[in-house]
Structure formats: C-alpha cells, structure tokens
Amino acid sequence: MGIPVFTAPFQHQNAIAELCISFIVLLARKIGDRSKEIHSGEWNKVSANCYEVRGKTLGIVGYAHLGGQLGVMAEAMGMRVVFWDEQAVMPIGRAESKPSVDAVLASSDFLVLNVEAAPENVGLIGKKELALMKKGSYLINPSFGDASDFEVDIPALADALTSGHLEGAAIDAEPSGGAAPGDALAPLQGLKNVILTPSLSLHNTRESEIRIAHEVATLVAHYLQRGSTIGASNFPSIASSWPLSENTRRICNVHRNVRGVLREIDLVVGNYNVGKQVLDTKDGIGYLVVDVQTDDVATEVVSQLATAVSYSPSDLSQAAGIPQAAAAAVIKSACSVLFPIGLRNTPVAPGRKQRVQGATALSLLRAAPRFVTTGDSGLDATLGGGVPVGCITELFGESGAGKTQLALQLCLTVQWREDQGGLAGGAVYIATEQWSPVGRLAEMASVMLGEGRLPAVVDDQAATGDAEGVDVSTYLNNIHLIHLRDAETQHHIIKYQLPIFMEKNNVRLVVVDSIAANFRGGAQFDPSESRCLESGNAEGSSTNQEARFEQSRAILQLGQSLKKTADMFSAAIVCVNQVSAAIRDQGGSGSHPALTFLSASPAVAYTPSSVIAETGGLPSSNYAGIGRDLLRISEQLDPSVLAADSTAGVYGFSGTSGIVPTLGIAWTNAVTLRLKLRKLQRRLSHNDPQQTSGGHVRRLSPLIRVLTVYFAPHIPSRTCEAVVLERGVVSLESLGFSHA
C-alpha cells in the first residue's frame, strides 16, 4: 500500500490493430492453410472461397482506443466499419455506431472482439450469437485473457466452423496458468482456416516497447516532481500538473481511506494558508495533494501528517506493510520531533494542545544500558561496558594512533549475539578517505578466527554451539561499505538513505571514517580566526563569516541526523575525527583551557560575547550558549587525566601545545562519548611478563597506545594502555602486562 504502479496501456494499441488487419487478410485468402500444405509437400493452388477485403464490412464489439485505430486502418483498405460500445463514444472516420451487439453480428463480414477479460464478458459470443453472424463470415478475437475464461464459447465456435456457417477464425489466447493451452483450444486444433497464436497481442513490438518505456518514465518523473498519479493502475488518479507558485510547498499524503483521517490532516494544515487541495480515493487508498502557501514550511508539517494517520504501531504496521517494531520506531521518532521533552517550553502551533510523551522513571531504571563490546575486557572496563548504543561516540587522535583499527574491530563484534556482547546486527562503514578497509577487515577476522575469538553468529551454529563452521565471509558479508566524497552527498545519504538501508539490512552499527574529511579545506567557526581579526587583521569579510556559519550549520545538522538514526534503531554510531594543533593561550597554561577561554583577563579577554562581536554581524542567537557548553564540558573532566595528558586543550579554542579534534563546538554538542587514542614513544619491554600464547606481542614489540575517556555521561574520565595487534586493539591489562 502506498506505492503507485505506473503503466502505459495504450502505447501498444497500434501493434494490436496491425495484428488484427493481418488476421483479416490471412483468413480472407486462406494463406495459413496454403502455407501448411506447401510445407508438407502439397501444392494446392486454388482460389475457391478466397476474397478481397475491399468492400467488406468490419464489425467491432468494444470500440475504445483499439477500435478507433483498427477502424482507420480498415477504411484505408476500402472496408466499411460498424461498431458497438457500451459507452457513447465519438466514431473516427466514417465508422458507424450500431444500437446493439446483435446488429453488429448480423451486418459484419469480419467480427473483431475488443473487450476486457472480465467475468461479465466470459462466453459473450456463444452458440446463439454465432448463429446471428452472416454465413461465410470470420471471427477474430485478440483476447487479453487466458483460454480458460474466454470471451468466445470454443466448442460452439468449432461447431460453426465445421458446419461451414463460419469461413474461418483467428484466436490469440493466453495459455491457462502459464502452461500449454491444453483442452481449452483443443476443439479448434486441426480445423481448416483457423489461426491460433500464443497471445501475441500481449507481447509488444520493439517500437511499442520504446513508447511504453518513455511514457512510464515520464509518468514516474511527474509523480516525483509534482505528485501527479495519472497513469497509476493501483492509485487514485490526481493530475497535479499545475505549477508551484513562489513561496509554495506541495505536500502529498497517502493514507488509508477510513473515517477521521481528513479531520486530523486539517488540524495540521489548517494552521497555514492552503492554496489548493485535491483528494481522491481508490480501493481503500486515499491520496491528498495540498499546496501550502508559506515561505517557510517546516519539515514537522510532514511529520505531523504521518503521525496523524498513525494511530498505533499495529495500525501503522498493517497500513505500511512494515514490522511492528519498525512502526513503533517511526512513531517514536516523529514524537521526538513534534513533542520534545526538556527544561524549556516547547512551542506549540496555534490551536493545538501540547502533548507530552515519555518513559517513567521505573521503566528507565529497569532498562539496562546496552553496549557493543570491543572484544577486549580491558577496553570494555575502561568504557564502562563497551561502546554505548543510541548515541554518537567520537574517536579522535593523530594519524596511526589506532582509531580505524578500533572502529573495524567494532564492525566484527557488533555481529555477536547479545549474550556475547554484540547486537546481532550488521555494520555500515562510511569511508570518506581513499583508503579501503576491506583487506584489514579480512586480516583481522582471520586472525580472530585462528585464535578462537570469533564466535558463531549464524542461528543454527548458535543453537548447536558449533564454532567450527564459522566462516570469515559470514562476518564480512554483514559489513556494508559506502564511499562518500563530498559533504552534500554525505548529508543526503546519512539523513535520507541510511535509515532505510539500516531497516532493510538489520544494521546496528554505523562507522564514519572520518567525519571531518569532507569538510576539509572549508571555513569553519574557530575563535583563532576571531583572534586574528581582533589583532588587526581586517581581511575576514562578512562573506567568510557567513561561510563559517553555514558550515557550522551543516555540521550541526549532520550530528542531529546521526543522533536520530542512533536513537531510532538503537544503534551505535562511531565517528572517527581528525585533529589539528591547539592554539597557545597568552594567559598561561596553568588553568583549564575551557576556563581560560572564558577568562576576562586584559591579555586575552575572549569571552563568548567578544566572540559573537567578531562574527561579522551574525545574530547573537547563532552562538548563544557557547559559554554554558564549555562550562558543562569542564565540569565533566577529571583534573588528573588532564594533568597526565600533555594534549590538554581539547575543548577550548586555546590551550597548550597539544591537539584538538576538528569541527568545533557545533560537532562537540552532538557527541555523547569522546575518546582519544594517542601513541606513546614507548614499546612493550621484552622482559614484561605475558599470559598469552603464540608470542605475538614479544615478537612485534608494538608501540603503546593510550585510550583516554575525555567525557562521557555514564563513566568518569580515565585512561587505558593498549597495543595494536593483528587482531585489533588489545589492552595491556587483558594481555597480562604491567606498566613499565
């Protein structure tokens, strides 16, 4: 329900008309019999009972489109045309309308049936009707149905041909059930001057196929561009071909044709000036086209329409043909947009009551938090159980720190069953760089399999506990790779196509590597730029400031789309971020960078108000709350972590000589869990004790990495030392190593 099917039913009418004309000539000259005889070696050159078609009368039962085409061709050959149709139709050329079917039968030398394969037309021409036909006449039926429910009584037709009452017949029939005609046409087989063809009228010519392709493509384009459903066989027909005027948006709504739907829709669109509204229904489907005259119709209008016709998850599941769980997720997402719950008052459209929906404290208390295991007990302990679902986790650090290795590791572990720490789902890996992770994924999975660390994920293997049948290809087949090369495509894929793909393929993890690559080289909001302006650099034009603001808005929208996707599908979103050098603060390195940024010392004086003042006249609301965000971040940090890490300055726009993640505050506000990976200039000591077999660690002596939790709502800030092995990122704790 809700998917229109477009057809082009009249583009092959010319081909059918030509087929009927060929039947008329073949029957009149008995060419079929003569051809069969000469193929068998018999030379029967006769002219008895062979006629010219000029001057003969062609009768058509069911005029419509085919009758008009056929009549024009017949008149061009010198024939007279008579017809009958249940509708009052305008004849083409010199065709003459008859008052009844019997009148057409009595006056026709050639009779063509042009009726639909409908139950009321079965047996339309029976023994009685055949007797009314002129002696020596011909019957032609380019049928559009199978031989089992034919418009002609086949045994009666065979009798009329055998007795000589009819001189010939041509039957174009669809085999019953897709098999051979069988007994349906058996009485006609072997009779003289009888042409039997296998439904040639339904198999188009090359020319008609081209015309059909062009027409269907045009109809689909009109539907996508204007909402027109002309040509849809299963949909209400609305020709919304009128152009959209300026400051007008068109809303196309498909719903079940039940009582009360229009009332709910009117409650939504009634708040706007409606320029045009058209409604039609067909077979339980309602289709509404509304042109709303406004210069800014928010997307919540469409969401409200969807919510208005979705009374419950079960109702939406039945109407849309989707699983009930997916229907519940759609309703939940719509409610989160329309009726957000927070400390601030939610604006409500005039005339509508505010509705609040939320979970109870008891239900939240009973709902255990869900995580995706990293496959390493030490890393999971540091992260408070693993990578959380329903939010965005950011991995940032310098090149070669192991960010991508950990992300690929999660693509494998997310496929584990829930009792193994996974989510029993697939992964989408969005790569924005040139490097492809396929080879590393295969290597990682093979090593984990060889070490017995790759459990069975297939249902039948899980039921028997048999892990020997685990195949690396089973894991790799559940990891979908997408390459994106520009910010616009990235935004479109993540916002619109990714949710549909996740629903169809049971995706529970999305990795974006890296989130900042497609924004590289563009302007972005950075207080260091404002600092240059303040120091006398006047080259920062208002155009550049607007470009920075637009990119910040794009980054903010990207974060919102990812957060909605994570919440809708209870999925984990992992974004690998790049880093840039932090700006040294003139106010000293003793205070926390966020607090330094907010300080009002005469040397720097970079308060939020001063930043806003240097943004080229942009409205202050664009950057309102920056100070509150930085204070909120600073309150979550553990001073001991900052003291141990030489790269303090992660959150502010000033700090020591460390590094900071890119994309700024616009992206930071979307992140729930921020993790940093960095390399130490220290390798594992050969004398360190180990509890693993195989000697992999001692032989490789890899550099030690430090995983730092910079902020998270569920755990304090802390660190964990690890190394990158062939199977992925592994904590020293799980390997049995002590600190050097």
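**Briefing: a pocket, a helix residue and the cysteines**

Helix 3 supplies the largest share of the lining of the second largest pocket, contributing 3 residues. The model described here is predicted, and the points below take up that pocket, then Val-447, and finally the cysteines.

**The second largest pocket**
- The volume of the second largest pocket comes to about 670 Å³, and among the 24 residues that line this pocket, those closest to its centre are Gly-62, Ala-64, Asn-114, Val-115 and Glu-116.
- Two or more residues of the lining are given by each of helix 1, which spans 13-29, and helix 3, which spans 64-76.
- In terms of residue character, the lining of the second largest pocket is made up of 13 nonpolar, 7 polar and 4 charged residues.

**Val-447 and its contacts**
- Val-447 is part of helix 15, which covers residues 438-450, and this valine counts as buried because its relative accessible area of 17% falls under the 20% cut-off.
- When residues up to four places away in sequence are left aside, Val-447 touches Glu-726 and Arg-727.
- The C-alpha atom of Val-447 is also separated by 9.2 Å from that of Gly-728, although the two residues are 281 residues apart along the chain.

**Cysteines**
- The count of disulfides in the model is 0, where the criterion is a pair of cysteine sulfur atoms within 2.5 Å.
- Cys-575, at 0% relative accessibility, is buried, and Cys-720, with a relative accessible area of 7%, is likewise buried, since buried means under 20%.

Note on methods
Residues numbered from 1 in each chain as written. Predicted model: local features only at pLDDT ≥ 70, side-chain atom pairs only at ≥ 80, totals over all residues. Heavy atoms only, no water. Buried < 20%, exposed > 50% of the residue type's maximum accessible area, 1.4 Å probe, protein only. 1 Å grid on protein atoms, 1.4 Å probe; cavity = no way out; pocket = protein on both sides within 12 Å on 5 of 7 lines; lining within 4 Å. Points joined across faces, edges and corners; volume = space filled by probe spheres on them. Helix = DSSP H or I, 4+ residues; strand = E, 2+ residues; numbered from the N terminus. Nonpolar A, V, L, I, M, F, W, Y, C, P; charged D, E, K, R; others polar. Contact = heavy atoms within 4.5 Å.
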